[in-house]
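The questions and answers that follow concern a protein–DNA model. Please consult the sequence and the coordinates while reading.

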Number of protein chains: 2
Amino acid sequence: MLNASDILRGYTDTIILAQLSKGDSYGYVISRSVLEASGGELQLKEATLYTTFRRLEAAGMIESYWGDEQAGARRRYYRLTEAGRRLYEENKADWRRYRAMISALFGMEE
Amino acid sequence: MLNASDILRGYTDTIILAQLSKGDSYGYVISRSVLEASGGELQLKEATLYTTFRRLEAAGMIESYWGDEQAGARRRYYRLTEAGRRLYEENKADWRRYRAMISALFGMEE
DNA sequence: CCGAGATACATTGACAGGAGAGGTATTGCG
DNA sequence: CGCAATACCTCTCCTGTCAATGTATCTCGG
């Protein structure tokens with residue numbers, strides 16, 4: 001119970017938006033950054049990562065373009081749109097509220 | 001995006017465990033308590049509430065018994081088991097970690 | 001030069017929790 | 001009597017996560 005999958009649900013979008021708010025990036029690197037930023041605790045699974053990219057792009061929150069690598073595997077880069085940036089800010093604000101609410105519901109003093 | 005359903009996922013169990021940690025109670029009242037404790041922000045839907053009771057009871061985290069109401073509708077009371085109490089404590093500890101981790105991933109200073 | 005591991009992207013199908021919609025029954029009040 | 005409040009329950013759908021699987025390129029040790 002209370003496994004990472006259920007906790008994650010609803011947060012992946014914002015986690016990716018947060019990564020992109022620091023500059024354009026691509027799947028593999030974002031996955032690594034998240035792992036590092038979470039102190040090795042959160043591994044975004046590839047299937048989750050790429051379906052999330054599709055979802056966010058379809059919603060107009062991010063845009064993608066192929067990098068022009070001279071060597072190595074091709075990379076699909078992602079960029080935040082204006083709407084994506086707004087969503088990111090909204091989600092952060094929401095999180096502040098939810099965080100306090102959940103703590104209260106859990107019977108914790110914060 | 002980021003709707004309440006997705007945020008809720010993974011937390012309903014602990015929310016109910018928290019309510020029961022204060023003493024035996026039943027569905028309708030728990031639903032009201034949660035609504036109040038969340039400042040009117042979170043309405044646990046009945047379908048969610050009762051499926052969660054089933055899940056927690058099947059897992060041995062809570063036990064139920066019928067109250068002996070002289071009048072009014074029957075009430076099915078729930079009680080925390082020892083395992084349920086332990087789970088509640090674990091989930092609170094997990095939440096402290098997740099909360100910090102998500103804030104960090106969102107690019108927030110906490 | 002060959003195989004293994006890292007880099008990099010992508011899809012399919014299964015699973016599980018939340019919730020809309022529908023149902024039952026009792027009590028009390030206007 | 002009709003309606004609101006109390007109180008319980010379940011069927012079915014939706015959606016996000018993930019295991020499994022597949023592709024291709026590059027690097028490095030042996």
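Q: Which elements each supply at least two residues of the surface near DNA strand D, and which gives the most?
A: This is a predicted model, in which local features need pLDDT of at least 70, side-chain atom pairs count only at pLDDT 80 or more, and totals for chains, interfaces and linings use all residues. Residues are numbered from 1 along each chain as its sequence is written, chains are lettered from A in the order in which they are written, and side-chain values use heavy atoms, without hydrogens and water. Helices H1 (4–8) and H4 (46–58) of chain A, together with H3 (27–37), H4 (46–58) and strand E3 (76–80) of chain B, each supply at least two residues, where helices (H or I, at least four residues) and strands (E, at least two) are DSSP runs numbered from the N terminus. The element that gives the most, with 5 residues, is H4(A).

Q: How many residues surround DNA strand D?
A: A residue counts as near if one of its heavy atoms lies within 4 Å of the strand. Among the closest are A:Arg9 and B:Arg32. The number of residues surrounding DNA strand D is 28.

Q: What distance separates a base oxygen of DNA strand D from an N or O atom in the side chain of A:Arg9?
A: Of the strand atoms within 4 Å of the protein, 73% belong to sugar or phosphate and the rest to bases. A phosphate oxygen is 3.0 Å from a polar side-chain atom of B:Tyr26. For A:Arg9, the distance to a base oxygen is 2.6 Å.

Key:
Polar contact = N/O pair within 3.5 Å; in protein donor to acceptor, adjacent residues only side chain to side chain.
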